[in-house]
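User: Hi! I'm in my first year and would like a close look at one part of this protein. Could you walk me through it?

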Amino acid sequence: MPSVLVVGYDPQAIPGVDGVALRAALDAELSRFGEHGIDADMVLVVFDGSAESTLVPALSARAWDVVVIGGGIRKTEQLLLLFEQIINLTHRHAPQAAVAFNTNGGDSVEAARRWLSAG
C-alpha cells in the first residue's frame, strides 16, 4: 500500500481562524486517502522553532512514497523560511519520497496521486 505524509500548518495556531473546523476538514481529507487505498498520516507544524522537532520524527517514521506540503505553508510569504525548512528536512530525512503540493486542504489526495502514479 502506498504511503503519504501530509505536512500542514496547525490550524490552532492561526489567529482569527476556526481551528476546530479547519482541523475537522483536514481530518476528513486524511480519511479520503484510505478510500483510494493509500496509507496516510498528517503532521502539523507551527512557525515557532519547533518544526524540526515535530517534523523529523514523522519523516523518519517510515519510507514515505510521497510527502504533500500544504498550501497554507507555501502560499504565505511570512512562512517562506518554514517552507524552505520543510523542503530541506524532507530531502534529508525522506530522500526516497516524491514531494507534492496541494492547492488547498481538500485536494491532498489528488496531489499525492499525481506522484504515486508517476512512480
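Which residue follows helix 1, and what is the sign of its phi? Please take me through helix 1 and what surrounds it.

Analyst: Happy to help! Keep in mind that this is a predicted model. The residue that follows helix 1 is Gly-37, and its phi is positive, near 70°.

Now to the helix itself. Helix 1 covers residues 19–35. Its 17 residues reach 25 Å from the first C-alpha to the last, close to the 24 Å expected at 1.5 Å a residue.

Next, look at which residues are hidden. The buried residues of helix 1 are Gly-19, Leu-26, Glu-29 and Phe-33. Looking down the axis of helix 1, you would find these buried residues within an arc of 90°, so they line one face of the helix. That face packs against strand 1, strand 2 and helix 5. On the other side of helix 1, Val-20, Gly-34 and Glu-35 are exposed.

A bit of helix geometry helps with the next step. An α-helix has 3.6 residues a turn, so residues three or four places apart point the same way. Keep that in mind for the charged side chains. Asp-27 and Arg-23 meet in a salt bridge, with 3.0 Å from N to O. These two sit four residues apart in helix 1, so about one helical turn separates them. Asp-27 is partly exposed, at 33% relative accessible area, and Arg-23 is also partly exposed, at 34%.

A second pair in helix 1 is Glu-29 with Arg-32, whose side chains form a salt bridge at 2.8 Å, N to O. Here the spacing is three residues, so this pair too is separated by about one helical turn. Glu-29 has a relative accessible area of 6%, and because buried means under 20%, Glu-29 counts as buried. Arg-32, at 21%, is partly exposed.

Arg-32 has another partner. Its side chain meets that of Glu-110 in a salt bridge of 2.7 Å, N to O. This pair links distant parts of the chain, since Arg-32 belongs to helix 1 while Glu-110 belongs to helix 5 (residues 108–118), 78 residues away. Glu-110 is partly exposed, with a relative accessible area of 35%. Through shared partners, the salt bridges join Glu-29, Arg-32 and Glu-110 into one network. In the whole structure, a search finds four salt bridges.

Let's finish with the neighbourhood, beginning with strand 1. Gly-8 lies in this strand and is buried, with a relative accessible area of 12%. Leaving out residues up to four places away in sequence, Gly-8 touches Val-43, Leu-44, Val-45 and Ile-73. Val-7 is in contact with several residues beyond its close sequence neighbours, including Val-43, Leu-55, Val-67 and Ile-86.

Val-7 also appears in the largest nonpolar core, which has 22 residues; Leu-5, Val-7, Val-67, Ile-73 and Ile-86 are those with the most contacts inside it. Strand 1 (3–9) and strand 2 (39–45) are among the elements that give two or more residues to this core, while helix 2 provides the largest share, five residues. There is also a second, separate core of 14 residues, which includes Val-4, Val-66, Ala-100 and Ala-112. As a general point, nonpolar side chains in soluble globular proteins tend to be buried together.

Definitions and conventions
Residues numbered from 1 in each chain as written. Predicted model: local features only at pLDDT ≥ 70, side-chain atom pairs only at ≥ 80, totals over all residues. Heavy atoms only, no water. Buried < 20%, exposed > 50% of the residue type's maximum accessible area, 1.4 Å probe, protein only. Core = buried A, V, L, I, M, F, W, Y, C linked by side-chain atoms within 4.5 Å. Contact = heavy atoms within 4.5 Å. Expected span 1.5 Å × (residues − 1). Arc of directions from axis to C-beta.
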